[in-house]
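Me: I would like a close look at one part of this chain, namely its nonpolar core, together with whatever is needed to place that core in the rest of the fold. Please take it step by step, and keep apart what is buried and what is not.

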Amino acid sequence: MKRRSMRRQWVTFLAGIGVILLAIGFFFVGPLILTAYDDSHRESLTCTVSSVETVSGRSSNRGVGGASALVRVGTDACGVLDLRDGVTIRNVDAIASELKEGETYVFSVGQGSLRLEPVLQFFKQQPLILEYRPADPKPR
């Protein structure tokens, strides 16, 4: 009986360690891998901007995290995209004003983030804009 109890304790202990390692991998290592993949696998999306919103605040609701800011871009055919690189509390409004509603832009977005968009949305995240530029005007 004692042997069975000891085996059960070990299985429970190892299962607990496995859950902890899985959580660490998912929440810490996973985003690093996704960022590296997105940096080397980009996709260009040509979309018309339908809305531009600035989002700023603290990264923690208890004041422990740092201040953060982003520009959230709603588009006609590409969904919602976030611009974070180089965006700070001080320049978020200036960067948001560069994107005009009704104008068409070419957005460079990571392929991994596009493929995992449903998972990102579950965590209230959007695919990140890595670069953007105005689309070439159409000839008349």
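Reply: In this model, which is predicted, 26% of the 140 residues of the chain count as buried. The chain holds four helices and five strands, and read along the sequence they follow the pattern α-β-β-β-α-β-α-α-β. Among contacts between residues at least 6 apart in sequence, 62% join residues at least 24 apart.

With that setting in place, we can turn to the core itself. The largest nonpolar core has 19 residues, and the members that touch the most other members are V71, V73, V87 and F107. Several elements feed this core, with at least two residues each coming from β1 (42-58), β2 (67-75), β3 (80-83), α2 (92-98) and β4 (104-110).

V71 is a useful residue from which to look around. Leaving aside neighbours within four places in sequence, V71 is in contact with V52 and E53, with L81, D82 and L83, and with V87, V92, I95, A96 and L99. The list thus includes V87, a residue that V71 contacts and that, like V71 itself, is among the core members touching the most others.

From the core we can move to strand β5, where I129 lies. I129 counts as buried, because its relative accessibility is 1% and the cut-off for buried is under 20%. Setting aside neighbours within four places in sequence, I129 is in contact with V73, L81, D82, L83, F107 and S108. Two of these contacts, V73 and F107, are among the core residues that touch the most other members. Along the chain I129 is 85 residues from S44, yet the C-alpha atoms of the two are 9.9 Å apart in space.

One of the contacts of I129 is S108, which lies in strand β4. S108 is buried as well, with a relative accessible area of 10%. Not counting residues up to four places away in sequence, S108 touches R42 and E43 on the one hand, and L128, I129, L130 and E131 on the other.

Next comes the covalent link, for which the count by the distance rule comes to one disulfide. That disulfide is formed by C47 and C78, whose sulfur atoms are 1.6 Å apart. The angle about the S-S bond is -75°, and the link of C47 and C78 is left-handed. Because C47 lies in strand β1 and C78 in the loop between β2 and β3, the pair ties together parts that are 31 residues apart in sequence. Both partners fall below the burial cut-off, under 20% relative accessible area: C47 counts as buried at 1% relative accessibility, and C78 counts as buried at 15%.

Not every residue in the elements that supply the core is buried, and two examples show this. S51 lies in strand β1 but is partly exposed, with a relative accessible area of 32%. Apart from neighbours within four places in sequence, S51 is in contact with R72, V73, G74 and E101, and V73 is one of the core residues that touch the most other members. The C-alpha atoms of S51 and D76, which are 25 residues apart along the chain, are separated by 9.2 Å. The second example is A94, found in helix α2 and partly exposed, with a relative accessible area of 46%. A94 and T54 are 40 residues apart in sequence, while their C-alpha atoms are 10.0 Å apart in space.

Finally, the largest pocket deserves a word beside the core. About 630 Å³ of space lies in this pocket, and of the 22 residues that line it, the closest to its centre are P31, L34, T35, L120 and Q125. The lining draws at least two residues from each of α1 (2-40), α4 (117-122) and β5 (129-134), with α1 giving the most, at nine residues. By class, the lining has 13 nonpolar, five polar and four charged residues. Strand β5 therefore appears in two parts of this account, since β5 supplies at least two residues of the pocket lining and also holds the buried I129.

Note on methods: Residues numbered from 1 in each chain as written. Predicted model: local features only at pLDDT ≥ 70, side-chain atom pairs only at ≥ 80, totals over all residues. Heavy atoms only, no water. Core = buried A, V, L, I, M, F, W, Y, C linked by side-chain atoms within 4.5 Å. Buried < 20%, exposed > 50% of the residue type's maximum accessible area, 1.4 Å probe, protein only. Contact = heavy atoms within 4.5 Å. Disulfide = S-S within 2.5 Å. 1 Å grid on protein atoms, 1.4 Å probe; cavity = no way out; pocket = protein on both sides within 12 Å on 5 of 7 lines; lining within 4 Å. Points joined across faces, edges and corners; volume = space filled by probe spheres on them. Nonpolar A, V, L, I, M, F, W, Y, C, P; charged D, E, K, R; others polar.
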